[in-house]
Every structure is written in structure tokens, then in C-alpha cells.
2 protein chains.
Amino acid sequence: MNPTDSQLPAAAGLHPRSLERFPELAQSAADLLRKPPALLGLSEADARCVGGFMQLLDYAKGATLLREHDSVATGYMLLVLSGEVSVETAAPGHESEAVTISSLGAGSLLGEMSLLDGEPRSTQCTAISPVQCAGLSRQGLDQLIVQQPLVAARLLAEVASIIANRLRALSDQLRLYGQLTASMQREIDRLKARA
Amino acid sequence: MNPTDSQLPAAAGLHPRSLERFPELAQSAADLLRKPPALLGLSEADARCVGGFMQLLDYAKGATLLREHDSVATGYMLLVLSGEVSVETAAPGHESEAVTISSLGAGSLLGEMSLLDGEPRSTQCTAISPVQCAGLSRQGLDQLIVQQPLVAARLLAEVASIIANRLRALSDQLRLYGQLTASMQREIDRLKARA
């Protein structure tokens, strides 16, 4: 991965600051990491330790947190501390129109896949209110791995497990689509035979 | 996770043996972990270290390596060292028929999602020749995390990245299905209007 990709978006004028400098927010981040929807199965001490490698980011209402297909600013994930974020993607068959998939609030994790594989962002995330996030960059993760490898290993096992769970849900959806297209094909065949 | 889920399938008469006792196979496992299709971005030393926590498993031709929907024997992943494995799943809309999705050989990783999240197996894997595997159980992974946390963290980051990549591929497939059903719906509407 390009080292310039591994940092939080300071260039975007966000001025990330160490989360540790804000004890209440650091505690809030540690709590949120352990509750749904994040629900990383970490001890409180581990969650606090992870927080020590995170940066505080403030987004104005309407700001883009993650840009779909962005292949440059890929090296970080975000934990929403407060505010609301809409997740959008292009509608299938209507690539020019963005469709809101979901609206996420405090405790949601965003962008953890790109943090790990450095591939382009798969969704567009926009602040629909002022949003405060704790960001973990690839650089921060690398420091965590070297300085606190046990905590890093536990964090990574949890994040991998979350991604695996999402993959299972998508597989089920794909299976349903398979059934749907099979039944639509039967309908088309039936209509054609009647015509 | 249930501790009985975290072990290699000794009960199935497979008699897992420490991979370390077979230096050539241990070297082969370390090499395979670093090449495609596994392609974990580990150093050779890290890959050898992971191998030290793996077990050797021999499967006869026709044996089941992983059983789809199995919710008990979930706590391990397999690295194929030699032989061929078919991966099967129920066909969409034809749940009683198994369809071979792919055929995998040396260097393939199987079951890494269940190792991490303990959820039921998502595919059926069958040995189509005698197959030798190196297995990493949840127990082995937990020992690796405690004894070699730095190596464990690097391994987990790699495995998470592989799962993330697969999720991206599935998302693309889902998008194509979305386009397909939209165009089939237009065809159905057109045929109905004509009828």
C-alpha cells in the first residue's frame, strides 16, 4: 500500500487530533466499540487501548465521509461517535442515481474493509448532521500491531469476524436473487408460450 | 464459542498430528501460505511460525472436509497441501441438488470464515482425490495469539483482507443480479402488454 494512503484525511482540512486528548470522547469510543452495532468482543482495557491509536475527526453536515470508488483515501476506518450518516450506492441498472441504503448513527463502523485491503471504497457515506468520528488509520493499526500486538490480534479477529458475517448475509441475498431470476425466467417462458 | 467446537475433527477418525513433526510438509505449508491462491502477505519466518500451530490431516478420496450448514465442526480452517477438493452448494431454486462451484488444489484455504465467527459452514467440500491438509483450529489460533501475538495479528489482518476481497466480489455479483432482474422485469412487462 502507498504510505500516503495510510493516513487520515488531514489534507481535506479535517485536522485529525489524537482521541486521547479528549478523555470523555475516548471513553465513549471505547464503550461504543463494545456495543452493537460495532460489537467488537474486546475487553474494556483492550477497547481503551485501541482508542489510544485513534484520531478524532469532525465532519460538517453534508460532508462526505467516504467516497464510493475512491481509491486514494482508503487507509482508514471510522467509528461514528455522534451524529447521523447516510450510506448510499448507485442503484442497480441506474448507475447515475445514488440510493440511500441505510442511515447509521453512533457506534457504527465505516470503511473497515478498505483499511484492511486498501481497495477502493464500496459505498458513499455522507454526514446528514454534524458528525464526530474516531478514525483508525492503517498507520495507527500498524503502530497498534507493533506496540500492542495482543490487542491488535484480538481487534483484527473481531473485525474479520464482522466482515465474514456480512459476507454470509450477502451470500444468502445472492441465493434469493438466484431463486428470483429462476422464477422470473419461468414466467417469461410461460408468457412467450402463450403469445 | 463452545470449546468442543474449537478443535480439529479428531472424532472423525482423522488423528490430526502436529505439522512440525513433518519438516518437509511444514516447509511446504509455509510456502503455500505465501503463494496464490492463499497468498497471505506473510514473511517466510511468520509463515513457518503459523505452521507450528497447524495440524496435519489426511482425507481419503470421497471424504467430506467441510459439511454445508454444519454448526458443530466450525472451529478450524484448512490449507490444502496436496490433492483436489470440490466445493459444492445447493443450486438456487433447487435446494436438493448440490452444484459444484469450483475445484480447488494445493494452496487453497477452506473454512476461514467459520474459524473466525464460529457460524455454520457455508459450503460443502469433498475430497475428489486423497487430500492432505494443514489445519489451524481456533485453539491453535488462540495459542498463536497468546504466544506470538505479532505473527497472529499479521495473519489475521491478511485473512480479514481475503474475506473483504471476497465480499467485494459478491457485492459486484449482487449488483449484476440487480441489473438482470430489472431487465427481466421489463421483458415480463413487455410480454404482458402484448398479450
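## Sheet, helices and interface in a two-chain model

In chain B, five strands form an open sheet in the order β1-β2-β9-β4-β7, with antiparallel pairing. The edge positions are taken by β1 (17–18) and β7 (109–110) of chain B; each has a single partner strand, so one side of each is left without a neighbour in the sheet. The model described here is predicted.

Within this sheet, strand β4 (residues 76–82) of chain B is joined to β9(B) by six bridges, and the two run antiparallel. One residue pair in this ladder is B:Y76 with its bridge partner B:S137 in β9(B). Helix α1 (residues 23–34) of chain B lies across β2 (55–59), β4 and β9 of that chain, and runs at about 105° to β4(B).

Strand β9 (residues 131–137) of chain B contains B:A134. Is B:A134 buried or exposed? With 26 other C-beta atoms within 10 Å, B:A134 is buried, the threshold for that class being 20 or more. Setting aside neighbours within four places in sequence, B:A134 is in contact with B:L19, B:A29, B:G51, B:M54, B:L56, B:L79 and B:L81. B:G107 lies 27 residues from B:A134 in sequence, and the C-alpha atoms of the two are 10 Å apart in space.

Chain A can be described through its own strand β4. Six of the seven residues of β4(A) are buried, so this strand is largely enclosed by the rest of the structure. The table lists the strands with which β4(A) pairs.

| Strand pair | Bridges and sense | Opposed residues |
|---|---|---|
| β4(A) and β9(A) | six bridges, antiparallel | A:S82 and A:Q132 |
| β4(A) and β7(A) (residues 109–110) | two bridges, antiparallel | A:L78 and A:L110 |

Helix α1 (residues 23–33) of chain A has buried residues at A:A26, A:S28, A:A29, A:A30, A:L32 and A:L33. Against which elements do the buried residues of α1(A) pack? They pack against α2 (44–51), β4 (76–82) and β9 (131–137) of chain A.

Helix α2(A) also packs with α5(A), at an angle of about 95° and with the two axes 10 Å apart. The helices α2(A) and α5(A) are therefore roughly perpendicular to each other. On the α2(A) side the contact is made by A:D46, A:C49 and A:V50, and on the α5(A) side by A:V151, A:R154 and A:L155. By class, this contact of α2(A) with α5(A) has four nonpolar, no polar and two charged residues.

The remaining topic is the meeting of the two chains. At this interface, 41 residues of chain A are in contact with 41 residues of chain B. On the side of chain A that touches chain B, α3 (112–117) and α5 (149–194) each supply at least two residues. Helix α5(A) gives the most to that side, with 32 residues. By class, the side of chain A that touches chain B has 24 nonpolar, nine polar and eight charged residues.

How are the two copies related? Chain A is superposed on chain B by a rotation of 180° with 0.0 Å of shift along its axis, at an RMSD of 0.0 Å. The two copies are thus related as by a two-fold rotation axis. Moreover, 100% of the interface residues of chain A are also interface residues in chain B, so the copies meet through the same surface.

Definitions and conventions. Residues are numbered from 1 along each chain as its sequence is written. Chains are lettered from A and ligands numbered from 1 in the order in which they are written. This is a predicted model: local features need pLDDT of at least 70, side-chain atom pairs count only at pLDDT 80 or more; totals for chains, interfaces and linings use all residues. A residue is buried if 20 or more other C-beta atoms lie within 10 Å of its own, exposed if 12 or fewer, and partly exposed in between; C-beta atoms are placed from the backbone. Helices (H or I, at least four residues) and strands (E, at least two) are DSSP runs, numbered from the N terminus. Two residues are in contact if their C-beta atoms, placed from the backbone, lie within 7 Å. Ala, Val, Leu, Ile, Met, Phe, Trp, Tyr, Cys and Pro count as nonpolar, Asp, Glu, Lys and Arg as charged, and the others, Gly among them, as polar. Copies are superposed by least squares on the C-alpha atoms of residues with pLDDT of at least 70 in both. Two strands pair if DSSP finds at least two bridges between them. Axes are lines fitted to C-alpha atoms, for helices over the stretch in contact, and angles run from 0 to 180 degrees between N-to-C directions. Angles under 35 degrees count as roughly parallel, over 145 as roughly antiparallel, 65 to 115 as roughly perpendicular and the rest as oblique.
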